[in-house]
Amino acid sequence: MTSLADRPENPVVGRAVAHDHGADHATGAALYTDDLVHRSRNVLHAWPVQAPHAHARITSLDTAPALLVPGVARVLTAEDVPGVNDAGIKEDEPLFPSEVMFHGHAVCWVLGESLEAARLGAAAVQVEYEPLAAIITLREAIAAESFQGGQPTVSRGDAAAGLADAPHRFSGEFEFGGQEHFYLETHASFAHVDEGGQVFLQCSTQHPTETQEIVAQVLGLDDHDVTVQCLRMGGGFGGKEMQPHGFAAVAALGATLTGRPVRLRLTRNQDITMTGKRHPYHAQWDVAFDDDGRLRALRATVTSDGGWSLDLSEPVMQRTLCHIENAYFVPDIEVHGRIARTHKTSQTAFRGFGGPQGMLVVEDIMGRCAPLLGIDPTELRARNLYTPGQSTPYGQPVRHAERLSAIWNELHQRADVIRRKQEIERFNAGHPDTHRALAVTPVKFGISFNLTAFNQAGALVHVYRDGSVLINHGGTEMGQGLHTKMRQVAATALGVPLEAVRLAPTRTDKVPNTSATAASSGADLNGGAVKNACEQIRQRLAEVAAREFDIHPDDVRFVAGRVTGIGFHDRELSFGELAHKAYFQRISLWAAGYYRTEGLHWDAQRMQGEPFKYFSYGASVSEVEVDAFTGSHRLLRTDIVHDVGDSLSPLLDVGQIEGGFVQGAGWLTLEELRWDTSDGPSRGRLSTQAASTYKLPSFSEMPEEFNVHLFERATESGVVYGSKAVGEPPLMLAFSVREALREAAASFGPEGHSTQLASPATPEAVFWAVQDARKALAAARSAGAVAPAAV
């Protein structure tokens, strides 16, 4: 077997290949879970009965009126569950609750001959509630000490002593919002039961194995009685890692009880009101710097809003603490994490999985403290970047730390930062009510699941007698191009053209016990498994070819569908001819591949170890223009240099970087989740339930000039073909947009003014930051600290 990172002659990986189904996505030809319903007959449709309270006890539930509605076939309640009435992994998420825990909580589900019949049936169900006190905001939860799960701490050195001894010390707090996934395809499951009692589920899920396990648990079946298939998803972003399980279980329960196929697809309103989001956070911090502007100590408490149940809040918080310092070395550090319980949707995984929240805290600290130290924010960040030989607060060496400064310097050159800053100063001097600013921020993001056991994957590869190849792996395709990359890996490993490789849908009966496609690990894990299976087959085929050519198997070469020997080219076989010969010699042409990430260890109790295979690095510079009258802004230009190792598929990776950046900018500047916090009957209701009230980034929010460069000479050893993950790290590159907005607002104030900026930095938030800066300028003038000409 070859080294995992080594590339053969003429590899298919590394080529700029278009997404396998990009054209199908664009034309509407691609099928998604709900499209498969129309191929079946006699389908029942599911509709939820949603509670109108954030917190209430169900005192009575009468389903009889629903059964009188024409077309209603059945109402599913807790009494119908043959197994365990729970859809979570912490035994705290009853599928059919007796106590409502958030506004819009489904208390039962109606099955109808049509969607309209199911909807009318749901409206007819009579439910009586006893309203209970509801905790809605993070501050309410903190005040009430309403917490759930563990409260981990990451620490190194003596933070108290570091704070006491340093010459510059600052403190503050920061509360910032969550984010709605808003994938194009809402949650969807389609279930039917065959004549043998096998439950088959088509499901839009990032974690087919866990969906399989939860469904089996609810139905009281063994895992082998349930098969889950994911053809593709119309987006996931983490929102379909844990959240699909309960919806799949409802569909499977309905199909089991009625003997008919059951379709469950949420409307956009239902999806937003019933499913989890990125965790909002509150941070209280104390930080210290030395006279050179280097971080000396940080002590903080970060609290996430977990919603009504734990879901993935504990590992999300662990990753927050593992990324609290971003790309900066902090000698003495002590950070405590805790998870609030509120009466809102159960917040869940979202691209970055808690890492963005931790990194945002330290970036906010750097942005607020730089003017107080009298240091340019870009320079302050540069002085604190990790250098070789340093380790994270949890004890992992920061390997290839020199890439941070190399990327930083290359970005400055490519983006012409120094000249543009001078131009911005001249622009601002001539435009009193419109200012521009530019900010540079780094990213260091760890790749691997925090739970070590999840860092494994399997694959099944078939070579047919004609030389065509079919691969199946445990990763799911949600538009990110994973399947395309896996085809490139297989084609490279077997030495065949890309068009010779086909990929089958992800199914639990083909590759079992898979991990979620999450943590940016899809290509690393599944690529390793695919490569392993292909190399098993290639080794067998090499022995067949060696006998044909009378050479040693190690001297056989597979290139572009042709098989020959090293040192001669006058004798060759096509890959198909060799496969045909191998079959008649009774040589197996299929293999099960497996991969486990080496070199990982994590002690979640002590928050110590080496949980990540490697770190992905990047940096971005963004320039904005702010209108002081409205707070609105234009994103004039963004430049990015990002480390993806040796890219498996450069076109896809650039697309992921662009998309991740824009999604991050949306979280930080536009997307604001608002719940009703009044004491009225709508308390706890999510007010931003649709695209009309929840602002998403669009083409108009894209940088007017957008330059993305993949960091070169960046091979990562021990990873499939030397590549690095690209799913999550680019999202944090958007910090440069928020920091540029902060600097633009600060430019309306006096020198040394520290600007606090809410997150998301909506036009309203930017407006108030500008007003605050102008008030500070007026106060400084009154005190004689600033001359009038300094405007």
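Let me start with one salt bridge, D364 to R738. The closest N and O atoms there are 3.3 Å apart. Remember that this is a predicted model. Where do the two residues lie? D364 is in helix α10, residues 355-373, and R738 is in helix α18, residues 735-746. They are 374 residues apart in sequence, so this pair ties together distant parts of the chain. And how many salt bridges are there by this rule? The count comes to 55.

Now the domains. The chain is divided into two parts that each come in two segments. Domain 1 takes 22-29 plus 456-596. Domain 2 takes 395-444 plus 614-791. Their centres, taken over C-alpha atoms, are 41 Å apart.

So to the interface. Which residues meet? On the domain 1 side, 16 residues are in contact with 16 residues of domain 2. The size of an interface is often given as the accessible area lost when the parts come together. Here the buried area is about 1200 Å². Carbon and sulfur atoms give 57% of that. Look at domain 1 for the residues that lose the most area to domain 2: K485, S520 and D524. Together they make up 46% of what that side buries.

Keep K485 in view. How many salt bridges run between domain 1 and domain 2? The count is one. K485 pairs with D653, and the closest N and O atoms are 2.7 Å apart. Polar contacts add to the picture: six residue pairs between the two domains, both partners at pLDDT 80 or more.

Which elements supply the domain 1 side? Two of them give two or more residues each: α14, residues 482-494, and α15, residues 522-549. The largest share comes from α14, with six residues. By type, that side divides into five nonpolar, eight polar and three charged residues.

Last topic, a sheet. It is open, with eight strands and mixed pairing. Read the order with me: β3, β5, β1, β13, β10, β11, β12, β21. What sits at the edges? β3, residues 72-76, and β21, residues 506-507, each pair on one side only. Strand β12, residues 226-230, pairs with β21 in the antiparallel sense, over two bridges. If you want a spot to click on, take C230, which stands opposite T506 in β21.

To recap, take two pairs to look up on screen. One is D364 with R738. The other is K485 with D653, the pair that bridges the domains.

Definitions and conventions
Residues are numbered from 1 along each chain as its sequence is written. This is a predicted model: local features need pLDDT of at least 70, side-chain atom pairs count only at pLDDT 80 or more; totals for chains, interfaces and linings use all residues. Side-chain values use heavy atoms; hydrogens and water are left out. Domain bounds come from an automatic or database domain assignment. Contact means heavy atoms within 4.5 Å. Buried area is the accessible area (1.4 Å probe) that two parts lose on being put together, summed over both. A salt bridge is a side-chain nitrogen of Lys or Arg within 4 Å of a carboxyl oxygen of Asp or Glu. A polar contact is a pair of N or O atoms within 3.5 Å; within protein, one must be able to donate a hydrogen and the other to accept it, and residues adjacent in sequence count only if both atoms are side-chain atoms. Helices (H or I, at least four residues) and strands (E, at least two) are DSSP runs, numbered from the N terminus. Ala, Val, Leu, Ile, Met, Phe, Trp, Tyr, Cys and Pro count as nonpolar, Asp, Glu, Lys and Arg as charged, and the others, Gly among them, as polar. Two strands pair if DSSP finds at least two bridges between them.
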